[in-house]
Amino acid sequence: MYFCAISGEPPQEPVVSPKSGLIYEKRLILKYIAENGTEPTTGDKLEESDLIALKAHPKASAPRPPSATSIPALLHTLQNEWDALVLEFYARNQQYQALRQELSHALYQQDAATRVIARLIRERDAAREALASVQATTGLSAPTNDVDMAEPAQPESALPADVLSTIEETNASLSSQRKKRKPPPDYAQPAQVKAYASLNTVPSLHSTKPAGITALQVSAINPSHFLTGGNDKVVQLYDRTEGKVLATLKGHTKRVNHVRLRESDGQNNLIISGGADKTVRVWGQDAASGEYAPASTFKTHKGEITGIDLHPSSKYLAVASADNTWSLQNLETLQTLYHSPAAPESFTSLALHPDGCLLGLGTLNSTVQIYDIRVQAFVASLAPENPPADPFVVNTLSFSENGYHLAAPDGTSSVAIWDLRKQKAATSIALNADGGAYKINRIKYDPSALWFGVAGSHDIRLISHKTWDELVRFAPGDDVVDLAFGPLGKEIWGVVGRE
């Protein structure tokens, strides 16, 4: 321990005078030099630059004052240090508990994230298996990259086991026969179609207020019978041979958008309609009297019905709605089998694949969405490679009987033929109209898959499937809202206004 030669106390900043070799407190010796300019002890001349600083490491603590050297003072000091230790321990303990809670929350979050990831992986694998099954049965290739889904895909089918079995058996039976299936020898050929001309006009018995037929279907069993729906909210079954209405079916409160006839051996005949009143109505035929009576009304949807189609088994009905959902109805039990979650955009049209597993849905945003109804999973989205600046409505679509092609608008005045195996358009056919753009109202493939028809602005056009040539055009002078094919392709039906 050193002491300052001036104050006699241990210095805080010790320096040595080379003149005397004594130790001084730096602040005191500097003040003395400033006043006298000499060394305090020897009187020799001394400057600040002559001082030599002493450095000690570690720094020595200052000695305790005399008041801290007694036993009571020492006890008081020890008590203060103990109190400080206790307070520090308490603070450290609080930090420890907080860290434990944070670690516990982090572990729970990590465990929950692991479970969610495992579930999503299972759902992804299930979706991939469904896509592989679709590819095996229809040739539709599955996307190689994972897609972001707005909602988790359902890993298992929501359909009852017996319904799923019927769909699978129907698909297996039809897809195995498809390559061998050929049109009958007496089926109309494209060369014959070119010679078709307007033959007959059947006036409608729908009300004139509001006027207009909106939907058409021709009976496959009795070709003289055809079914219509109208703006007057009525569905009519008409016999053109006898020239009379067989049934006038009322119940809709708004325009009828779509009609279907279910005619199948061993099953009761049904008339089905979907309207702008958000309902799908079913009428059944009495076996004894032949009269049709209401059988059921499906109120599954909250928006206008934009498409209905019968499953190839004739037991189920697919329905699309403007409420962004689609559903599958059981025509045997008259119950809803499945109602999809809401999609990001409205569905504007619907068609079932001829094998009964795939469902095509048109949208407001220029795309066609494909679903597998067995697992209710999204399969593919078909969109034009060079879409127009303004999105168009896919208001109609039709699957080819060959199972590989789908016809749908790819613009406001053009039709694309999509190859489902490649998910690309095989061709795009521009439809020109005199005096402006061509408005497409309905597209429908002929059962032979040799050609398809387009109903739209002022005419019906029949187009060859492979050459894409226009075979024939019928121009009744007004917009054609719907069309249908008669037996063996020898008749073409169209709806114009009230005819």
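Two strands count as paired here if DSSP finds at least two bridges between them, and with that in mind I would like to begin with one sheet in this model, which, I should say at once, is a predicted one.

The sheet is open and has 4 strands, in the order β12-β13-β14-β15, with antiparallel pairing. Because β12, residues 305-310, and β15, residues 335-339, each have a single partner strand, they stand at the edges, and one side of each is left without a neighbour in the sheet. From one strand to the next, the twist averages 25°. If we look at the β12 edge, 5 bridges join β12 to β13, residues 316-321, the two running antiparallel, and within that pairing I305 has S321 of β13 as its bridge partner. Packed on this sheet is helix α3, residues 161-178, which touches β13, β14 and β15, and whose direction makes about 95° with that of β13.

Let me turn now to the charged pairs. Side chains of opposite charge can pair when their charged atoms come close. A search of the whole structure finds 16 salt bridges, and I will show a few of them.

In helix α2, residues 71-138, R119 forms a salt bridge with E123, with the closest N and O atoms 3.0 Å apart; since the two residues are 4 apart in that helix, about one helical turn separates them. R119 is partly exposed, at 32% relative accessibility, whereas E123 is buried, with a relative accessible area of 8%.

The salt bridge between R374 and D372 has its closest N and O atoms 2.9 Å apart, and here R374 is buried at 3% relative accessibility, while D372 is buried with a relative accessible area of 1%.

D482 and R442 also meet through their side chains in a salt bridge, at 3.0 Å from N to O. That pair links distant parts of the chain, since D482 belongs to strand β30, residues 480-485, and R442 to strand β26, residues 440-445, 40 residues apart. D482 is buried, with a relative accessible area of 3%, and R442 counts as buried at 13%. Returning for a moment to D372 and R374, salt bridges that share partners join them with E168 into one network.

R442 brings me to my last residue, T214, which lies in strand β4, residues 213-218. Beyond its neighbours within four places in sequence, T214 is in contact with several residues, including R442, V481, R255 and V256. What lies 2.3 Å from a polar atom of the T214 side chain? The backbone oxygen of V256 does, and T214 itself is buried, with a relative accessible area of 14%.

Terms used
Residues numbered from 1 in each chain as written. Predicted model: local features only at pLDDT ≥ 70, side-chain atom pairs only at ≥ 80, totals over all residues. Heavy atoms only, no water. Axes fitted to C-alpha atoms, helices over the stretch in contact; angles between N-to-C directions. Contact = heavy atoms within 4.5 Å. Buried < 20%, exposed > 50% of the residue type's maximum accessible area, 1.4 Å probe, protein only. Polar contact = N/O pair within 3.5 Å; in protein donor to acceptor, adjacent residues only side chain to side chain. Salt bridge = Lys/Arg side-chain N within 4 Å of Asp/Glu carboxyl O.
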